[in-house]
Amino acid sequence: MMNSIKKYSQLIRGAGLIILISCQNQEVEKEVKGFPLAEVEWIDLSYSFDSTTLYWPNNPDGFQLREDAAGVTDLGYYYSSYTLLTPEHGGTHLDAPIHFYENGETVDELALSKLTGQAVLIDVRVQAFENRDYLIDTAAVLNWEKKFGQIPDHAMVLFRTGYGQFYPDREGYFGTAKTGEGAIPELHFPGIDPELATWLVKNRKIKAVGLDTPSLDYGQSKDFAAHQALMEAQIPGFENLANLDQLPEKGIYVVALPMKIKGGSGGPLRVIATVLE
């Protein structure tokens, strides 16, 4: 009797394992046929960090990479190691909600689901080149939706102003070659209209925004109201994105992973994207 029960238990466990493996294989097969396990072409939306990396004009520090070791050791093998110094906000980087919201999530608290997923691209180059102080407004989003349908729930929204073509030329990108506090009043580049930021929070379920300029807010902003509206809704931002000209306006999948700085308000960001359609 005991042997029969033991064999029956083994049979049940074996059947369960077969079912589990079968289900897993079906899921793997499903993913391999499409994204993300199939071979895809990734587009790098990040600038390299080096001596040319652009930071806010009044930031006292820039990117530094100190050589601690580089060369062949006494034992005959090559070894290199470096120490890096960089402010959180500069180059291609993430703005965590705590950057402009006291109760906002820090970099290490952001769910990976907020940093990966479907994205749309809204092209506003015409307006941005006509006016360096252009505020990306609700009309730009609604015009996009007339062509492509409503922004999907839980998508990222990327704005292409075209100003990425100037990076890392400070004057072309910021609107002034000056640095220090005196440069702040002379900043001229496009950004998100605070009214649009509020509208997106209230009317669309987006999980992140990004653009190819130094800030979510335009250069002449004094209160960074677009930041405030988005960050209070726990929506992170990606700034100084590269290569947006290589993306279509829909059917995009983005992976945007920052350095995991505990308690950080932002950090260097490696962003990649692929086209699903």
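**Rings, a charge and a pocket**

In this predicted model, arginine 132 places its charged end over the ring of phenylalanine 166, at 6.0 Å from the ring's centre. From this contact between a charge and a ring, the reader can turn to the contacts that rings make with one another.

Across the whole structure, a search for aromatic pairs returns 13 of them. One of these is formed by phenylalanine 129 and tyrosine 163, whose ring centres lie 5.3 Å apart and whose planes are set at 10 degrees, so the pair counts as stacked, the cut-off for that class being under 30 degrees. The two partners come from distant parts of the chain, 34 residues apart, with phenylalanine 129 belonging to helix α3 (residues 125-130) and tyrosine 163 to the loop that runs between β7 (155-160) and α5 (170-174). Their surroundings can be described by accessibility: phenylalanine 129 counts as partly exposed because its relative accessibility is 40%, whereas tyrosine 163, with a relative accessible area of 1%, is buried.

Ring pairs also build a cluster, in which Tyr47, Trp56, Phe100, Tyr167, Tyr173, Phe174, Phe189 and Phe224 are linked. Among these residues, Trp56 leads on to another feature of the model, since Trp56 is both a member of the ring cluster and one of the residues that line the largest pocket.

That largest pocket holds about 230 Å³ of space. Its lining is made up of 18 residues, of which Trp56, His89, His99, Pro214 and Glu239 are the closest to the pocket's centre. Sorted by class, the lining of the largest pocket comprises seven nonpolar, nine polar and two charged residues.

Notes: Residues numbered from 1 in each chain as written. Predicted model: local features only at pLDDT ≥ 70, side-chain atom pairs only at ≥ 80, totals over all residues. Heavy atoms only, no water. Phe/Tyr/Trp six-rings, centres within 6.5 Å; stacked < 30°, edge-to-face > 60°. Helix = DSSP H or I, 4+ residues; strand = E, 2+ residues; numbered from the N terminus. Buried < 20%, exposed > 50% of the residue type's maximum accessible area, 1.4 Å probe, protein only. Lys NZ or Arg CZ within 6 Å of the ring centre and 35° of its normal. 1 Å grid on protein atoms, 1.4 Å probe; cavity = no way out; pocket = protein on both sides within 12 Å on 5 of 7 lines; lining within 4 Å. Points joined across faces, edges and corners; volume = space filled by probe spheres on them. Nonpolar A, V, L, I, M, F, W, Y, C, P; charged D, E, K, R; others polar.
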